[in-house]
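Here's a quick briefing to read with the model open beside you. Take it topic by topic and follow along in the viewer.

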Amino acid sequence: MSGSGGPWGGGKGGGDEPPQGERPRDGDKRGPRGGREGPQIPEIDEIMKKGQERLRVLMGGRSRQGGGGGGGGGGPVGPVLSRNGILIGLAGAVALWAWASFYTVRPEERSVELFLGDFSSIGNPGLNFAPWPLVTAEIVQVTGERTTDIGTATGQTADGGLMLTRDQNIVDIGFQVVWNISDPSGYLFNLAEPDDTIRAVSESVMRDIIARSELSPILNRDRGLITADLQRAVQTTLDSYNAGITVIRVNLQRAQPPEQVIDAFREVQAAQQERERLQNEADAYANRVTAGARGEAARLVEEAEAYRAQVVNNAEGEASRFVSVYNEYVKAPEVTRRRMYIETMERVFGDMNKVILDGVGEGGQGVVPFLPLNELGRPPVAPLRRRRHRYHGSEQLMSRTALLLSVAGVAIVAVMSSLFIVDERKKALVLQFGQVRQVVEEPGLGFKIPLIQEVVRYDDRILGLQTQAVEVTMLDDRRLVVDAFARWRISDVVRFRQAVGQLGEAQGLRRLEGIINPAIQEVLGSVNSNRVLSEDRGALMNQIRDIARRQAAALGIEVIDLRLTRTDLPDQNLSATFARMRAEREREAADEVARGNEAALRVRAAADRTVVELTSEARKNAEIVRGEADAARNAIYADAFGRDPEFFAFTRSLTSYERALKGANSSIVMQPDSAFFEYLRSYDRPTPPVPPAAPTP
């Protein structure tokens, strides 16, 4: 065996090679011809080469370590597939197939399995099995909420939120549709553009609702009704498409006047606040002055009552005092009279500067009295590059295994090129030299002749179209800018192919738009503009859809739905509309302020009248009370002082002297014959007879 070059054979020169499995000693490495190498090969290269040789042997090839010389049987032997190589290959193929067939579905997901392109089943969360390549699976997230924004910063257009109301005003609407997937198969197989469909349907429905509403309710009370109607209508439309989508809620994020007129609306709000302020200030004034008037009235009445009590009590006290003194006076008139006089004069003149001039006499001529008048008055991983371990060196001879694999590959390619799969979402035409040989409308496996026949696929789902805006002149000569969206599908692929040629769905879109825009102008041009902004809007859309449906049938197209989106004023008319809206708001603001002033003046005038009435009534009652008090006082005085008028005059005069003259800084210059000093001069007069004493009251 030593001369055979190893168990797999070799040349006669095999003796230069070390026994298999024995590593060459360092410094004794030999080249392929048995000679000694020059520079040493790196250790890593040697390891790689050995690994390559072992893999070749396992796959049934012949080891290249057996010989470089030419003895008997020294050339390469044909490939022989070993059992180990077959088993390893089969195991690798099974592992690769299993890896492609098993897949995981998360809790928030569902999978849709297709058997040769035809819908098979829905996969639930967990580990699922879909034997590849017969069954394929597509995973869809179903429970997560998805959002579509219309008229917001993330919407399609900057002015997408401007909508025309029934009363010819413009409102700025921004809202969000929140939805998820309820039927994964319907979502995948029925709608080609789910997001665009939801956006188009939602905007169309919202514009329809706004066109049937007036501006004022939209801004305040009808917001809840609008969102409820919008959610219901959008869900109904999507269900008619069998879209597999559930609308969870609608968030109305903005419903306000356009930016061009919003300042005027804010002025109205400010005017409303001003009106309330004026009314509140007037109410506060009325409350203040009427409360003050009621207090003043109460004060006047209470003062009058106090006056009555005071004067009556004083009168009763003075009368009682007078009667008491008089009763004693009648017992000894002269003594009492003189005593009272002297005591009074003592109190009066005690602290007083006195100058008394008794005419001009001999000693008093020229005497000028001194009057002290001057004293009077203050904000990559690099793909594992795979180190493309560029396996340096190339094979010079192709093994039989490679040849067999090549033949098998060609056969497989030939078979595969004659098979084709039609997906659940597609329809197909089999063309042979440009002629239609087969129409495949059901998903599944199909056959064709390689190189002679070709397969052209068309989308079988509902497709979308958003038309370009057109300016329509209405019957009343008003102009509106109108666009629409349509949902359509290919109903007859042969007719569709004949109509659009090789351009496919793109050409179909252009042809369909050429049908829809004239239909819009025909229908809307025959009605007044107020019908577009009313309940008749839905009927008009149905008329346009029916016209487009009849004409599109010749193209092999079925128009499933058609709705108006924009029905806006032309740009040239927007400025005039905004000016009118501003003028209306300014008038409303002026009316609010005027009503506030009117109400305030009414309240103030009523309060002033109430004040006058309260105070005048109070003064009247106070004067009545004071008059009654004075009358009662005079009656008391008359009853008491009428007993002896002369004695009353005497006592009252003494009281007056005391009150008038008493004071430390008082000075008096009087003539002795003044009436004030009547009793000063009459102290020596005879005392008048005294009437008998009266009992004390």
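Two strands count as paired if DSSP finds at least two bridges between them. Strand 11 (residues 419–422) and strand 14 (residues 444–447) fit that bill, with four bridges joining them in an antiparallel run. Keep in mind that this is a predicted model.

**The overall picture**

- The protein has 697 residues, and 36% of them count as buried.
- Its secondary structure adds up to 16 helices and 20 strands.
- The accessible surface is about 41,000 Å², with 53% of that belonging to carbon and sulfur atoms.

**Strand 11 and its partner**

- Strand 11 has two faces to look at: F420 and V422 make up the covered one, while L419 and I421 sit on the uncovered one.
- Which residue of strand 14 is the bridge partner of I421? That would be L445.

**The 3-2-5 sheet**

- Here three strands make an open sheet, ordered 3-2-5, with antiparallel pairing.
- Strand 3 (118–123) and strand 5 (135–141) are the edge strands, each pairing on one side only.
- From one strand to the next, the twist averages 25 degrees.
- Strand 2 (residues 109–115) pairs with strand 5 over seven bridges, in the antiparallel sense.
- To find your place along that pairing, look for S111, which stands opposite I139 in strand 5.

**The 13-12-15 sheet**

- Another open sheet has three strands in the order 13-12-15, and its pairing is antiparallel.
- Its edge strands are strand 13 (435–440) and strand 15 (453–459), and each of these pairs on one side only.
- The twist in this sheet averages 25 degrees from one strand to the next.
- Strand 12 (residues 426–432) and strand 15 are linked by seven bridges in the antiparallel sense.
- For a landmark, try K427, whose bridge partner in strand 15 is Y458.

**Helix packing**

- A pair of packed helices is described by the angle between the axes and by the distance between them.
- Helix 7 (residues 262–329) packs with helix 14 (residues 571–641) at about 0 degrees, and their axes are 8 Å apart.
- Angles under 35 degrees count as roughly parallel, so helix 7 and helix 14 are roughly parallel to each other.
- Sorted by class, the contact of helix 7 with helix 14 has 39 nonpolar, nine polar and 25 charged residues.
- Helix 4 (residues 194–211) and helix 6 pack at an angle of about 135 degrees, with 9 Å between their axes.
- That angle makes helix 4 oblique to helix 6.
- As for handedness, helix 4 passes helix 6 in a right-handed crossing.

**Backbone spots worth a click**

- Most residues other than glycine have a negative phi, and most peptide bonds are trans.
- L116 is a residue other than glycine with a positive phi, near 50 degrees.
- You'll find L116 in the loop between strand 2 and strand 3.
- Is L116 buried or exposed? Its relative accessible area is 15%, and the cut-off for buried is under 20%, so L116 is buried.
- N242 also isn't glycine, and its phi is positive too, near 55 degrees.
- N242 lies in the loop between helix 6 (223–240) and strand 9 (245–256).
- With a relative accessible area of 45%, N242 is partly exposed.
- There's a cis peptide bond between W132 and P133, where omega is about 0 degrees.
- P133 belongs to the loop between strand 4 (126–129) and strand 5.

**A glycine with a faraway neighbour in sequence**

- G556 sits in the loop between helix 13 (537–552) and strand 19 (557–568).
- G556 counts as buried, because its relative accessibility is 1%.
- How many residues separate G556 and S491 in sequence? They are 65 residues apart in sequence, yet 5.4 Å apart in space, C-alpha to C-alpha.

Terms used:
Residues numbered from 1 in each chain as written. Predicted model: local features only at pLDDT ≥ 70, side-chain atom pairs only at ≥ 80, totals over all residues. Heavy atoms only, no water. Axes fitted to C-alpha atoms, helices over the stretch in contact; angles between N-to-C directions. Parallel < 35°, antiparallel > 145°, perpendicular 65-115°, else oblique. Nonpolar A, V, L, I, M, F, W, Y, C, P; charged D, E, K, R; others polar. Buried < 20%, exposed > 50% of the residue type's maximum accessible area, 1.4 Å probe, protein only. Areas by Shrake-Rupley, 256 points an atom, 1.4 Å probe, with all protein chains shown as cover. Left-handed = near helix turned anticlockwise from the far one by under 90°.
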